[in-house]
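User: I should like to learn how to read the features of a structural model, one at a time. Could we begin with the overall dimensions of a chain and proceed to the sheets and the core?

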Amino acid sequence: MIEELRHKARELLEKGQVELVIGYGAGSDPTRTMPVFIRRPEDCDHLVWNKYCYNNLTSYLTWPELKTAGKRAVVCKGCDAKAIVVLCKENRIEREEVVVIGMSCEGVGEPLFGKCEFCDVRTPKTCDIQIGATLPPLSKDNLFEDVRQLEAGNAAERWEFWRRQFSRCIKCYACRQACPLCYCTQCIVERNQPQWIATSSHPKGNFAWNVVRALHLAGRCIGCGECERVCPSNIPLMLANKKLAQVVKEQFGYESGYDIDEPLPMASFMPDDSDELFK
Amino acid sequence: MAEFKLNEAKLDELVNALKSEGYRVVAPVEEEGVFVFKEVVDPGEMRLDVLRTARSIKEWFFPRVEPTLRYKFDRGSVTCKGEMPQSPPKTVIIGCRPCDSASLPILDKLFDWDFRDEYWFKRREATTVVAVACDAPDSYCFCTSVGGSPDGTAGSDLLMRKTVGGCYLFESFTKKGWSIIETAKGTLEPAGQNEKVLVGEVPKRFDLNSVKPWLDNNFDHDYWKEISYKCLSCGACAFVCPTCHCFDIQDEADLQGGVRLKGWDSCCLPIFTRHGSGYNPRDTRDARYRQRVMHKFTYYVDKFGLTACVGCGRCCVSCPIDMNICTVVAGAAELAETST
Amino acid sequence: MSADIYQPYLMRVEETTDEAPGIRTLKLVFQDTVAGQNFSFRAGQFGLYSVFGEGECTFCIASSPTRKGYIECSFQQVGRVTRALRSLEVGDTVGFRGPYGNWFPLDEMKGKNVILIGMGIGLAPVRSVIWNCLDLRDDFRDVTVIVGSRSVDLLVYKRELRQWEEMPDVNLVKTVDPGGETPDWDGKVGFVPTVVEEVAPSPDNAIVVICGPPIGIKFTLLSLEKLGFSPDQVYTTLENKMKCGLGKCGRCNVGNTYVCKDGPVFTAAQLKSLPQEF
């Protein structure tokens, strides 16, 4: 697969179809990879593909410094490619300005990341060039099992769980910066008239930050899990995001990142939307 | 020469002895799958085998957030109360690595520059640092490139070195270190003349002497853009770093009163240098990452004579996109060599 | 008890002056009168002014060190703290930490011709020098004050401009940008760099103090160079985002200087040698 990837990327650059390829390159040790930005066809030999290709490279598509980079190709796993759908729907990028090189992926991580056990996009649904044979999706039946386990506790237990988890937040914003859908030019935590969310790393500020970020991603989060992976404190951020994804699925029958034409649930109103939320 | 040693089976006893003497014992402890320095409640929690905790010991001297001032509003006037801790609890930090303890004298210089920050120094005075030498460094370690070593003694009061026989040699350098030995006397044995110490090796990756001149003369070099394309501009590297010390001052208040807080900040975060007017002199990632490297490897050296990096590798491990500052600086060293 | 370097003086607002749209001056007296009497500073130094509950903000001390017991600051409303400062009334409490930073070389300026240039709100730090010189008038030779603004209503210290105009031993030149004049404007019309070239002060035995927006300073420095001034004769003050003001928080670090400690006053020569990140 690596040779095919390098060949296709080289071709895109040589033919002038793109000016920049964003992919994975060798990391600082054999168990890591890092994002690479390739402009010259000969540099495509630096591209790698393995189970350490964690990053969601679509997060670079909204950086203002890269907007003038010309047409771009992005190497995407199935989970990453779902972000392309949301970015297009939210008018952050034009579908035509990105060439998605979709990688068939059997999962990343050693041991395998939790998200990979339930992956239904092992071959990206959104892609322009597919690398690797099409892989069948896995079952998502137990995707929300960890959410259900948490919900089994009573309100006090759940509160204590999250209070403990969020108290360890150090407000580094790695979660925000790694997320492809956190692209606000001025994040809510940077607004100070008024200061909606305290910037300091105390329990109140941490709780507000993490809860608000999860809410801002409700109906949008594509479950790539980068936020949780990059968190230096190992906070189970995906648990919060999955809970909200579960609510959106139940209330609106919507899953983020699949259908580019489906209206955004938080930005549209359908007459037959459930009234349950207005209890 | 170490006079005493501790059998590793007696680590629990050591902790108990220290606690009985009134020390708050802080050591690497597991917290939800990550190792951080926390107060040890049950001696069994203490993990001296952890090479690298997620965060450094700096938070025990420079907390993530602390109040400097509390104030109350009363019909147009304000009454204030300073919140500087006057007597922090007597503390011993055990199990940090020589790189961690080396960060303390580095930061002492800044916190004592003209205005003495007593928030830092009161905690320094109240804390004894017991480092554990590294017998098994990993590929992210680069202490030897920045003037340190796996068994360096800078910043610590006492160094524990692991022996082949499953003991820790206790080498003390300061009065505080000797107090620990005194307290721990009941758990210690005399050390032999020829104890075989397990020593780790950290290959040198770059020469600071060739790096600094290159940094001083290549502010506008394309290198900064090349390496920073992938930077996400988060604060993870600064917050886990033992020598990063940038902070913010924020007021949080309601109609009755409030508090002024001092808390961690990072030069890599996008709005670090943004003026109230919206103008931001460092509004690109290459400008911010360059600042990080320059500040650590040349500006701090010019100001205080020390490199503000101890080679612990935490930033490299925690970086979401594998930005490895050792590789970056080694790259600069290489450019320095090829340009001469 | 050890000194807590982050503790502010408590000040009381004694006077407020709306200088121009969005720009205000506050006269602050120390609530602790003994502290006020003992307080001293030098022209060019700055402080951190705070509204409790809103935050701290950095401004130069705009009053002269020759006048004891009070300090003045002038600022433009741009954000949260300046908005709060602008809504304060006489009698309200303000926090003040300072004086911080270095200062203009008043001692070196003695016996010399001084040219004091302020553009827009940048006149505030220069005002401290102006009154410092005028209060010790005999120590200085020619005093030239050049004040520029985008328009007439944006001129600050309007009352003092008139005072300086009336002083026989001060050469006041005021100008507004082309298009900013009013029908009854009796000053010059032109950008400050152009006006400086017109006034053409001599570089002999002279020191220039200048402050204003970065682009204003840049072009005025070019004009001064044309007139023969060396960059070591020209002093300016940098505005930087600051938080602690005392060299700890790292925010104002530019090159191997900390603007709050090694500055904010720099010569034009020193500025040139810094990475242009300010």
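Analyst: This is a predicted model. Chain B has a radius of gyration of 22 Å, which agrees with the value near 20 Å for a compact globule, because the chain has 340 residues. The C-alpha trace of chain B spans about 70 × 65 × 40 Å along its principal axes.

User: How many helices and strands does chain B have, and what percentage of its residues is buried?

Analyst: Chain B has 10 helices and 12 strands. Buried residues account for 54% of its 340 residues. Of the contacts in chain B between residues at least 6 apart in sequence, 73% join residues at least 24 apart.

User: How should the pairing of strands be read, and which strands pair with strand 3 of chain A?

Analyst: Strands of a sheet pair through backbone hydrogen bonds, either parallel or antiparallel. In chain A, strand 1 (residues 20-26) runs parallel to strand 3 and is joined to it by three bridges; Ile22(A) stands opposite Val74(A). Strand 4 (residues 98-103) of chain A also runs parallel to strand 3, with five bridges between them, and here Val75(A) stands opposite Ile101(A). Together with helix 3 (residues 78-89) of chain A, strands 3 and 4 make a right-handed β-α-β unit.

User: Is strand 3 of chain A mostly covered or uncovered?

Analyst: Strand 3 (residues 72-76) of chain A is mostly covered, with five of its five residues buried. Arg72(A), Val74(A) and Cys76(A) point one way from the strand, Ala73(A) and Val75(A) the other way, and all are buried.

User: In what order do the strands of the seven-stranded open sheet in chain C lie?

Analyst: The order is 10-9-8-7-11-12-15, and the pairing is mixed. Strand 10 (188-189) and strand 15 (265-267) of chain C are the edge strands, each pairing on one side only. Within chain C, strand 8 (residues 143-149) and strand 9 (residues 171-176) pair in the parallel sense over six bridges; the bridge partner of Val147(C) in strand 9 is Lys174(C). Helix 4 (residues 123-135) of chain C packs on the sheet, touching strands 7, 8, 11 and 12 of chain C, and its direction makes about 150° with that of strand 7.

User: Which residues have the most contacts inside the largest nonpolar core?

Analyst: In soluble globular proteins, nonpolar side chains tend to be buried together. Here the largest nonpolar core has 262 residues, and Ile101(A) and Val208(C) have the most contacts inside it. Leaving aside residues up to four places away in sequence, Val208(C) touches several residues, including Ile115(C), Leu224(C), Phe229(C) and Tyr235(C).

How values were computed
Residues are numbered from 1 along each chain as its sequence is written. Chains are lettered from A and ligands numbered from 1 in the order in which they are written. This is a predicted model: local features need pLDDT of at least 70, side-chain atom pairs count only at pLDDT 80 or more; totals for chains, interfaces and linings use all residues. A nonpolar core is a set of buried Ala, Val, Leu, Ile, Met, Phe, Trp, Tyr and Cys residues joined through C-beta atoms within 7 Å. A residue is buried if 20 or more other C-beta atoms lie within 10 Å of its own, exposed if 12 or fewer, and partly exposed in between; C-beta atoms are placed from the backbone. Two residues are in contact if their C-beta atoms, placed from the backbone, lie within 7 Å. Two strands pair if DSSP finds at least two bridges between them. Helices (H or I, at least four residues) and strands (E, at least two) are DSSP runs, numbered from the N terminus. Axes are lines fitted to C-alpha atoms, for helices over the stretch in contact, and angles run from 0 to 180 degrees between N-to-C directions. A crossover is right-handed if, with the strands pointing away from the viewer, the path from the first strand over the helix to the second runs clockwise. The radius of gyration is taken over C-alpha atoms; the globule rule is 2.2 Å times the number of residues to the power 0.38.
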